[in-house]
Amino acid sequence: MVKYLFNSLNDLKTFKEDQSVVITDIDGTISEITSEPSHAKITADMRNILFVLSSQFKFVGVLTGRDINDALNIIKLKKIVYMGNHGLQRLKNGKIITDSRVNVYVPIIKEIYEELTTKLKDSSGFNLEYKTLSLTVHYNECYPKCCAKKEVLNTISTMSLGKLVKIVEGRDLLEIRPPVGDDKGSVLQKFITENNIKKIIYIGDDINDVCAFKKLKELSKEQKILGVSVAVNSKEVPKHVKESANFYVENVQETFEFLKWLSDKDVNKCN
Ligand SMILES: O=P(O)(O)OC[C@H]1O[C@H](O[C@H]2O[C@H](CO)[C@@H](O)[C@H](O)[C@H]2O)[C@H](O)[C@@H](O)[C@@H]1O
């Protein structure tokens, strides 16, 4: 049963130590949702707390559906771990490493982007975010949203290249991705194994974060790690997303409060 995080801080004191890891999603988790994706940003306070935590903890990182350059532009911190395009891109020693399995799909994604742009140009509200390795079709400005989603799915089904890609639903969006690569759960698991992580917190708000929540539960149950997941709630967040996590906070501001609490070494201030 998911618990309100600020009633459960005692359970989380064990994470206030330098071997801990915090990985977070970006949109809706550490940055407020904006109707135009390119307007998303994090506050100076949020940036500061991520910076502080990155010098206290083993790792602090973001695992996002955004292109990694976009994530870098939003976060603007050198010391943290970046995993972009749902883990298809990673930043290592200042260089972007791309999962080589996607190379063959790059021109396919581009062609689908161009075709969709043409086919959806007379329908109002769609916003196409081209991310080289994937493509996001936002319909948050369409009305009704369910029809917009159907329109995109129907349009892709008429394209010959449509059969070669994977379509994944997110918060008022459909993502067109290569059929290779992993979900956020498998990406997180790989990261945990590669870095011998024993204590990890994952924070997210979207359907795509559920795999990460579930993976941490599974690995914790097998006693491989001590992992907790935190869902950032809002009226747009589907109930099952919140219920898949161990804890929830009510909004992005509470994510910040939680990160601040984690960075505070004085455990007596916890409650
Ligand atoms: O895994 P995430 O970091 O949460 O990435 C998921 C998608 O986030 C972005 O879209 C979401 O945020 C936008 C800005 O607030 C908002 O306009 C949109 O409705 C949300 O779905 C991003 O633009 C996508 O590329 C990511 O896949």
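This is a tour of a predicted model, arranged as a series of selections to make in the viewer.

**The two domains**

Begin by colouring the protein chain in two parts, domain 1 (3–99 + 182–269) and domain 2 (102–177), into which the chain is divided. The centres of domain 1 and domain 2, taken over C-alpha atoms, are separated by 27 Å. Where the two parts meet, 15 residues of domain 1 are in contact with 15 residues of domain 2. The side of domain 1 that touches domain 2 is made up, by class, of 3 nonpolar, 7 polar and 5 charged residues.

**The ligand and its shell**

Next select the ligand together with the 23 residues around it, among which I26, D27, P37, T64 and G65 come nearest. Where does the ligand lie with respect to domain 1 and domain 2? Both domains give residues to the shell, so the ligand lies between them. Within this shell, 5 residues are nonpolar, 10 are polar and 8 are charged. If you highlight β8 (135–138) and β10 (173–177), you will find that each of these strands supplies at least two residues of the shell.

**I26, beside the ligand**

Stay with the ligand and centre the view on I26, one of the residues that come nearest to it. I26 sits in the loop that runs between β2 (20–24) and α1 (44–56). Is I26 buried or exposed? I26 counts as buried, because it has 21 C-beta neighbours inside 10 Å. Leaving aside residues up to four places away in sequence, I26 touches S31, V62, T64, R66, A71 and I74. To set I26 against a part of the chain remote in sequence, add H240, which is 214 residues from I26 in sequence and 19 Å from it in space, C-alpha to C-alpha.

**The nine-stranded sheet**

Now show the strands as a cartoon and look for the open sheet of 9 strands, whose order is β1-β13-β12-β11-β2-β3-β4-β5-β6 and whose pairing is mixed. At its edges are β1 (3–4) and β6 (95–98), each of which pairs on one side only. For a parallel pair, select β11 and β12, which are joined over 6 bridges, and note that G204 has A231 in β12 as its bridge partner.

For antiparallel pairs, move along to β4 and β5, which share 2 bridges, with G84 partnered by Q89 in β5. These two strands form a hairpin with 4 residues between them, and N85 in the turn has a positive phi of about 45°. The next pair, β5 and β6, is also antiparallel and has 4 bridges, and here K92 stands opposite K95 in β6. The hairpin of β5 and β6 has 2 residues between its strands, N93 in the turn having a positive phi of about 50°. N93 counts as exposed, because it has 5 C-beta neighbours inside 10 Å.

Before leaving this region, select K76, in the loop between α2 (68–75) and β4 (81–84). K76 is another residue to check on a phi plot, since its phi is near 60°, a positive value in a residue other than glycine. With 12 other C-beta atoms within 10 Å, K76 is exposed.

**Helix α6 and its packing**

Turn next to helix α6 (residues 210–221), whose 12 residues should span 16 Å at 1.5 Å a residue; its end C-alpha atoms are 16 Å apart, which agrees. Show the side chains of V210, C211, A212, F213, K215, L216 and L219, which are buried in α6. The buried residues of α6 pack against α5 (184–194), β11 (199–204), β12 (226–232) and α7 (239–244), so selecting these elements together displays the helix in its surroundings. Just after α6, Q223 takes a positive phi of about 60°.

**Two stops in domain 2**

Finish with β9 (residues 166–170) and β10, which run antiparallel and are joined by 5 bridges. K166 has R177 in β10 as its bridge partner, and in the hairpin, where 2 residues lie between the strands, D172 takes a positive phi near 55°. For the last selection, take Y143 and P144, which are joined by a cis peptide bond with omega of about -10°. P144 is found in the loop between β8 and α4 (145–157).

Notes
Residues numbered from 1 in each chain as written. Predicted model: local features only at pLDDT ≥ 70, side-chain atom pairs only at ≥ 80, totals over all residues. Near = placed C-beta within 6 Å. Nonpolar A, V, L, I, M, F, W, Y, C, P; charged D, E, K, R; others polar. Domains from an automatic or database assignment. Expected span 1.5 Å × (residues − 1). Buried ≥ 20, exposed ≤ 12 C-beta atoms within 10 Å, placed from the backbone. Contact = placed C-beta atoms within 7 Å. Pairing = 2+ DSSP bridges.
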